[in-house]
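Please walk me through this structure in my viewer. Tell me what to select next and what I will find there.

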Amino acid sequence: MTRATIELGDVTPHNLQQLKRLNQVVFPVSYNDKFYKDILEAGELAKLAYYNDIVVGAVCCRIDVLDGSRRLYIMTLGCLAPYRKRGIGAKMLQHVLNFVEKDGDFHSIFLHVQVNNQSAIDFYKKFGFEIVETKEQYYKRIEPADAHVLMKLLRPQKNLNESEN
């Protein structure tokens, strides 16, 4: 039996519809046109995952700045159910981790996960993410509406007193 190949590819105007369809199937929330327009500008922060040349997953991120610190926000990271537990999610998350490590100027990575999505919570914890907050009524029109904020700290927050000396 030949070994399966897992590859990541760019999101382009030509395959954007595949990303839209994938997100409709994988996630309980829908994303607007601005989300997809921004994804086309995201470069390395948006990737499709291919399993033997078939699109089965995607990861989409953006850079946020909070109190002068750059943080990477994982907007979506998902894989079609029949292809889970095959290393595809790990490959996508590793791509994100490699991106922030190579850049070297990120404080943390964070994302929201529906409170009842234990498999996603367990997945992220394997990579060093921790639940740092729970936001009530985060999601609209889905139950449960609450979300955990998961974060992986990349470097400690600078002590404000140190920078003043």
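Here is a short tour, going from the sheet to its helices and then to a single residue.

**Stop 1: the sheet.** Keep in mind that this is a predicted model. Colour the strands and follow them in the order E1-E2-E3-E4-E5-E7-E6: these seven strands make up an open sheet with mixed pairing. Now select residues 6-10 and 130-135, which are the edge strands E1 and E6, each paired on one side only. Going from one strand to the next, the twist averages 30 degrees.

**Stop 2: one pair of strands.** Select residues 108-114 (strand E5) together with residues 147-153 (strand E7). The two run antiparallel and are joined by seven bridges. Click on Leu111, and opposite this residue you will find Leu150 in E7.

**Stop 3: the helices.** Select residues 16-26 to show helix H1, which lies across strands E2, E3 and E4 and runs at about 90 degrees to E3. Next, select residues 33-40: this is helix H2, packed on the sheet and touching E2, E3 and E4. The direction of H2 makes about 110 degrees with that of E4.

**Stop 4: a histidine in E5.** Go back to strand E5 and select His112. Is His112 buried or exposed? His112 counts as buried because its relative accessible area is 16%, and the cut-off for buried is under 20%. Show the side chains around this residue: His112 and Tyr73 are joined by a polar contact of 2.8 Å, and the side chain of His112 makes another polar contact, of 3.2 Å, with that of Tyr138. Beyond its neighbours within four places in sequence, His112 also has contacts that include Lys135, Tyr139 and His148.

Key: Residues are numbered from 1 along each chain as its sequence is written. This is a predicted model: local features need pLDDT of at least 70, side-chain atom pairs count only at pLDDT 80 or more; totals for chains, interfaces and linings use all residues. Side-chain values use heavy atoms; hydrogens and water are left out. Two strands pair if DSSP finds at least two bridges between them. Helices (H or I, at least four residues) and strands (E, at least two) are DSSP runs, numbered from the N terminus. Axes are lines fitted to C-alpha atoms, for helices over the stretch in contact, and angles run from 0 to 180 degrees between N-to-C directions. Contact means heavy atoms within 4.5 Å. Buried means under 20% relative accessible area, exposed over 50%, partly exposed in between (1.4 Å probe, protein chains only). A polar contact is a pair of N or O atoms within 3.5 Å; within protein, one must be able to donate a hydrogen and the other to accept it, and residues adjacent in sequence count only if both atoms are side-chain atoms.
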